[in-house]
Amino acid sequence: MERTDLRAATRAAVRPATPRQRAARAASNGGEPTLEFAGRVPYDAYVQASTLHRLQTPLSDDPGEMSFLMVSQIMELYFGLTCHELREAQRLLRADRIWDALAPLRRAALHLEGLNAAWHGLRWMTPADFNRFRNLLGEGSGFQSAMYRHLEFLLGLRDEALIRPFRRQTEVYAELRAALAAPSLWDDVVALLARHGHDLPAELLDRDVTGEHQPHPAVEAAWVRIYDEQAGPDNHLRLLGEALTEVAEQFGDWRWNHIKAVQRTMGAKVGSGGSAGLAWLQRSMARVVFPELWSARTAM
Ligand code: HEM
């Protein structure tokens, strides 16, 4: 079903109500919640909770495996939600609505904080606990998360080779290709700085966005100037810089937490995704999100 048809069907199932109808229902219920429904309860029509709770197929009888599986699913949802917010921030920045873009960026940072809190659910796991079901995961690895790649691409971390695993999943692959062909949030920010009078070279503004942005001294100099200017609510670019810093820091925390979880549960063993494990992850983590926002701080 198309998204618009789905929305119409869900709206009909939830049955929108006016404040007056709500008040009338509460008055006739005498303070108690409504207990009778003709069909599916509206909460389920909206949240699809009964579907969500059927999406777990553990591969073993080990009681600990469910937290590994569900924490992974929870993180997937957070990856998707964060992508949603970053795309909204891009849309607003392209329209020069810097102040408005701060709200989705703040939401993105808070969702990433929630994502990071989800790691607590795995901190009980020793290598022996993990080994009880690890072999059953075969070659399955979070490395194959398409939504994580979307998130990386939006943040400007772009390695085309990492979408190869999806070549035989046509729809997923097409979406990743489209994401690579579109500017990252950082590309949009750089373009915005140029529109706001910062002197940035054409090679940056017309670059091939499928590759990773290379840190540039002109972008760094722009941020130094922005942060040098009067601090306050009128300096929207500086507020934007801080909002982006928060997003980058929270994302960095996820990567760090992941590395600690790997160390805790499998040490330096090779990964199920075929990599060297810890050493590969450490190299991957060395790629910096919004690099000039960090390097500029040395010159401030
Ligand atoms: C204790 C549990 C975990 C272990 C031992 C672990 C292990 C690993 C390893 C070794 C890699 C490198 C690729 C490979 O498999 O060879 C990797 C990559 C990855 N894992 Fe995990 N992982 C764990 C939990 C999670 C969870 C809960 C998620 C959330 C979905 C996740 C998402 C990812 C992602 C996105 C990558 C790619 C990172 C990058 O490209 O830099 N992992 N993991």
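A polar contact is a pair of N or O atoms within 3.5 Å; inside the protein, one atom must be able to donate a hydrogen and the other to accept it, and residues adjacent in sequence count only if both atoms are side-chain atoms. Keep that in mind as we walk through this predicted model, where local features need pLDDT of at least 70, side-chain atom pairs count only at pLDDT 80 or more, and totals for chains, interfaces and linings use all residues. Residues are numbered from 1 along each chain as its sequence is written, and side-chain values use heavy atoms, with hydrogens and water left out.

Let's go to the ligand. It is surrounded by 28 residues, where being near takes a heavy atom within 4 Å. Among the closest are Ser 141, Arg 149 and His 258. Sorted by type, the shell has 15 nonpolar residues, twelve polar and one charged. Here Ala, Val, Leu, Ile, Met, Phe, Trp, Tyr, Cys and Pro count as nonpolar, Asp, Glu, Lys and Arg as charged, and the others, Gly among them, as polar.

Which helix gives the largest share of the shell? That's helix 13, with six residues; helices here are DSSP runs of H or I, at least four residues long, numbered from the N terminus.

His 258 sits in helix 13, and a side-chain N or O atom of His 258 is 2.9 Å from a nitrogen atom of the ligand. The ligand's iron atom has a single protein donor, NE2 of His 258, 2.1 Å away. Donors are N, O and S atoms within 2.8 Å of the metal (3.2 Å for Na, K and Ca), and sites may look incomplete because water is not among the atoms.

Elsewhere, the side chain of Ser 141 puts an N or O atom 2.7 Å from a ligand oxygen. Gly 273 uses a backbone N or O atom instead, 2.9 Å from an oxygen atom of the ligand.

Key
Helix = DSSP H or I, 4+ residues; strand = E, 2+ residues; numbered from the N terminus.
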